[in-house]
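Me: Please walk me through the fold, the ring contacts and the empty spaces of this chain.

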Amino acid sequence: MVVVNQKKNSNFGANPPEINLNSNLKRWFSRNIGLWKSNRTYFLDEMQKTYNLCMNINIQALKNKSEWESHYKFTWYPEKKYKFFEENPQYKERGEMLAFLKGHQLMRENFYLSNDEGVSNIKQVDEHEMIFESSYKDWYILEHTRLVDSDKFRFRVIYSWNKNKLKIVENHHEIKIIK
């Protein structure tokens, strides 16, 4: 048996760390670090139209002052030029988002369809899948992300409701390019 606090010191310093840290979430997010090729299908309700496109997503772990917080940077850009972005200017062709874990929440600097900051609640299905539940303005988003085959692949399905009406359904099949 290993004694965790051998000095029997209950004072970890002036600012004790938050104990609501979930190491499973940190471990799961670390498995997502790298460059991903994201083959996407978008089903847009308003136009009754389907689009297929390929995006690149880079997920980086950022250094931070506190070992108790995990900070990430997500960047995305298209593989080539797509009419999708011309026909749907509300979508960001390229962008960046900073986020960090706090308990069972992902604190986002901004969302994909908005520059608003916000929170995504995280539910763990098993060691390979997480569910993210977010809402901002009139949007409610439910995203399932599953790592497959020793983290070489990810499959994401995202449902987006606006004012309680399902507007967007996305399927993303992603291949890890670089760790």
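**Overview**

Of the 179 residues of the chain, 40% count as buried, where buried means under 20% relative accessible area, exposed over 50% and partly exposed in between (1.4 Å probe, protein chains only). This is a predicted model, in which local features need pLDDT of at least 70, side-chain atom pairs count only at pLDDT 80 or more, and totals for chains, interfaces and linings use all residues. Residues are numbered from 1 along each chain as its sequence is written, and side-chain values use heavy atoms, with hydrogens and water left out.

Me: In what order do the elements of the chain run from the N terminus on?

Reply: Helices (H or I, at least four residues) and strands (E, at least two) are DSSP runs, numbered from the N terminus. The secondary structure comes to two helices and 10 strands. The elements run α-β-β-β-α-β-β-β-β-β-β-β.

Me: Which residue in strand 3 stands opposite Gln60?

Reply: Two strands pair if DSSP finds at least two bridges between them. Strand 2 (residues 49–62) and strand 3 (residues 71–78) run antiparallel and are joined by eight bridges. Opposite Gln60 in strand 3 stands Lys73.

Me: Which residue in strand 4 is the bridge partner of Tyr72?

Reply: Strand 3 pairs with strand 4 (residues 95–102) in the antiparallel sense, over six bridges. Phe74 has Met97 as its bridge partner in strand 4. For Tyr72, the bridge partner in strand 4 is Ala99.

Me: Which residue in the turn between strand 4 and strand 5 has a positive phi?

Reply: Four bridges pair strand 4 with strand 5 in the antiparallel sense, and Leu101 has Leu106 as its bridge partner in strand 5. The two strands form a hairpin with two residues between them. The residue in the turn with a positive phi, of about 60°, is Gly103.

Me: How far apart in space are Leu101 and Lys26, C-alpha to C-alpha?

Reply: Leu101 has its place in strand 4 and, at 6% relative accessibility, counts as buried. In sequence, Leu101 and Lys26 are 75 residues apart. In space, the C-alpha to C-alpha distance between Leu101 and Lys26 is 7.8 Å.

Me: Why is the pair of Phe29 and Phe132 edge-to-face?

Reply: Rings of Phe, Tyr and Trp (its six-membered ring) pair if their centres lie within 6.5 Å; planes under 30 degrees apart count as stacked, over 60 as edge-to-face and the rest as tilted. The structure holds 12 aromatic pairs. In one of them, the ring centres of Phe29 and Phe132 are 6.1 Å apart, and the pair is edge-to-face because the planes stand at 85°. This pair links Phe29 in helix 1 (residues 23–30) with Phe132 in strand 7 (residues 129–136), 103 residues apart.

Me: Are Phe29 and Phe132 buried or exposed?

Reply: The two rings belong to the pair just described, with centres 6.1 Å apart. Both Phe29 and Phe132 are buried.

Me: At what angle do the ring planes of Tyr51 and Phe84 stand?

Reply: Tyr51 in strand 2 and Phe84 in helix 2 (residues 83–87) are 33 residues apart, so that this pair, with ring centres 4.8 Å apart, links distant parts of the chain. Tyr51 counts as buried at 8% relative accessibility, and Phe84 at 2%. The pair is edge-to-face, with its planes at 75°.

Me: Which residues do ring pairs link into a cluster with Tyr51 and Phe84?

Reply: Tyr51 and Phe84 are both members of a cluster linked by ring pairs. The other members are Tyr42, Phe85 and Tyr91.

Me: Which residue lies over the face of Trp36?

Reply: A charge sits over a ring if NZ of Lys or CZ of Arg is within 6 Å of the ring centre and within 35 degrees of the ring normal. Over the face of Trp36, at 4.7 Å from the ring centre, lies Arg154.

Me: How much space lies in the largest cavity?

Reply: On a 1 Å grid over the protein atoms alone, a cavity is a set of points where a 1.4 Å probe fits but cannot get out, and a pocket is an open set with protein on both sides within 12 Å along at least five of seven lines; lining residues have an atom within 4 Å of a point. Grid points are joined across faces, edges and corners, and a volume is the space filled by probe spheres set on the points. The count comes to one cavity of 30 Å³ or more. The space in the largest cavity is about 580 Å³.

Me: Which strand gives the largest share of the lining of the largest cavity?

Reply: Of the 29 lining residues, the closest to the centre of the largest cavity are Arg108, Tyr112, Glu143, Arg156 and Ile158. The largest share of the lining, four residues, comes from strand 9.
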